[in-house]
Amino acid sequence: MAKTLRKKTVPAAPADPMPRRVDPCVATLVDKPPKGPDWAFEVKWDGYRLAVHVEPGDVRAITRGGYDWTKKFGAIVAEARELGHTSIVLDGEAVVLDEQGRSDFGLLQRAVGKKPSLHEPSEIIFYAFDLLYLDGHDLRSLPLSERRRLLEPIVAGRTGAIRFSEEVHADGAEFFRAACELGLEGIIAKRRDKPYHSGRRPEWLKIKCARRDWFVIVGYEPSTMPGAIGRLLLAARTGDGLVYVGGCGTGWSYQESVTLRQLLDAIPADRPAVDLKRKGAFYSKPLLVAAVEYRAWTQDGKLRHPSFKGVLPLNGKTKVCVVGT
């Protein structure tokens, strides 16, 4: 079949049934990029994983969980009809880009949601990174390099709702450093020689960028576990004051949580050091800072995916995070 596709992109007769749904291949999280020529690298897009199914008279956009979100992605569906092939299954990510050209999950949520947003659904872009089915042929048994070779002429060069997720020809470690410096979510590494398999796989790897800063602890919400903390309430500096930047509920053991709650119970405050009202919360004096690792900032100034890494007394040497930096 591979030889036939090299000679003719559109086979004369269908060979394989069109899959109604394909469970996606999911990347495994690792700490650092792999090395060697067998690996291809791409930007890790921060959006909704989608499979776009094109059939005669029908186009569907299916989420990673199997939901039909065709109506939410009208511009993508409309452009998919114009790709020039009878039947296709594209694998990719639906995103909204910020002013710096970075994918932003918060912007995407607003664009597809019911609340008013500065971004319209028409601004959602589908970055295609794999081709699973083409004109009667199931391509999943082909190596990634061959699937990408067939995908590129279909979507490369497009600047509308469907675009090509480019491979970055660089050393993995260098690309990862550059991606993090640019404020991207991370990178994806894929084995060029492997077929497509559904589920979490070792031939697809994700390496995420993470930031770490110090934040002032202004209180906590109790846990359902006796004597423990459910969420720390955190603040960052803004001008001469503090502003609430969200809660953190992971990163500690039960015993660490109990100890941390005892420290905060010893420095109670009558009212929070920030503009915040939470039923059942305990407020503390802003005398302790938490080291927190997080992915990014949301559009409303909150930490995304924060994880607790440690605690220290607040002093003049501690560089508390300043909002906007």
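Trainee: Why is Glu79 called buried?

Mentor: Glu79 has a relative accessible area of 16%. Buried means under 20%, so Glu79 makes the cut. Bear in mind that this is a predicted model.

Trainee: And what makes Arg158 partly exposed?

Mentor: Arg158 comes out at 27% relative accessibility. That value sits between the 20% and 50% cut-offs, so Arg158 is called partly exposed.

Trainee: How do you know that Glu79 forms a salt bridge with Arg158?

Mentor: Their closest N and O atoms are 3.3 Å apart. The cut-off is within 4 Å, so the pair counts as a salt bridge. Glu79 sits in helix H2, while Arg158 is in the loop between helix H4 and strand S8, 79 residues apart.

Trainee: What makes Glu185 and Lys44 a salt bridge?

Mentor: Here the N to O distance is 3.1 Å, and the limit is 4 Å, so this pair qualifies. Glu185 is in the loop between H5 and S9 and Lys44 in the loop between S2 and S3, so the bridge ties together parts 141 residues apart in sequence.

Trainee: Why is Lys44 called buried?

Mentor: Lys44 has 13% relative accessibility, and buried means under 20%, so the label fits. Glu185, at 10%, is buried because of that cut-off too.

Trainee: How do you know that Glu185 and Arg295 meet in a salt bridge?

Mentor: The N to O distance is 2.5 Å, which is within 4 Å, so they do. Arg295 lies in the loop between S15 and S16, so this pair ties together parts that are 110 residues apart in sequence. Both Glu185 and Arg295 are buried.

Note on methods
Residues are numbered from 1 along each chain as its sequence is written. This is a predicted model: local features need pLDDT of at least 70, side-chain atom pairs count only at pLDDT 80 or more; totals for chains, interfaces and linings use all residues. Side-chain values use heavy atoms; hydrogens and water are left out. A salt bridge is a side-chain nitrogen of Lys or Arg within 4 Å of a carboxyl oxygen of Asp or Glu. Helices (H or I, at least four residues) and strands (E, at least two) are DSSP runs, numbered from the N terminus. Buried means under 20% relative accessible area, exposed over 50%, partly exposed in between (1.4 Å probe, protein chains only).
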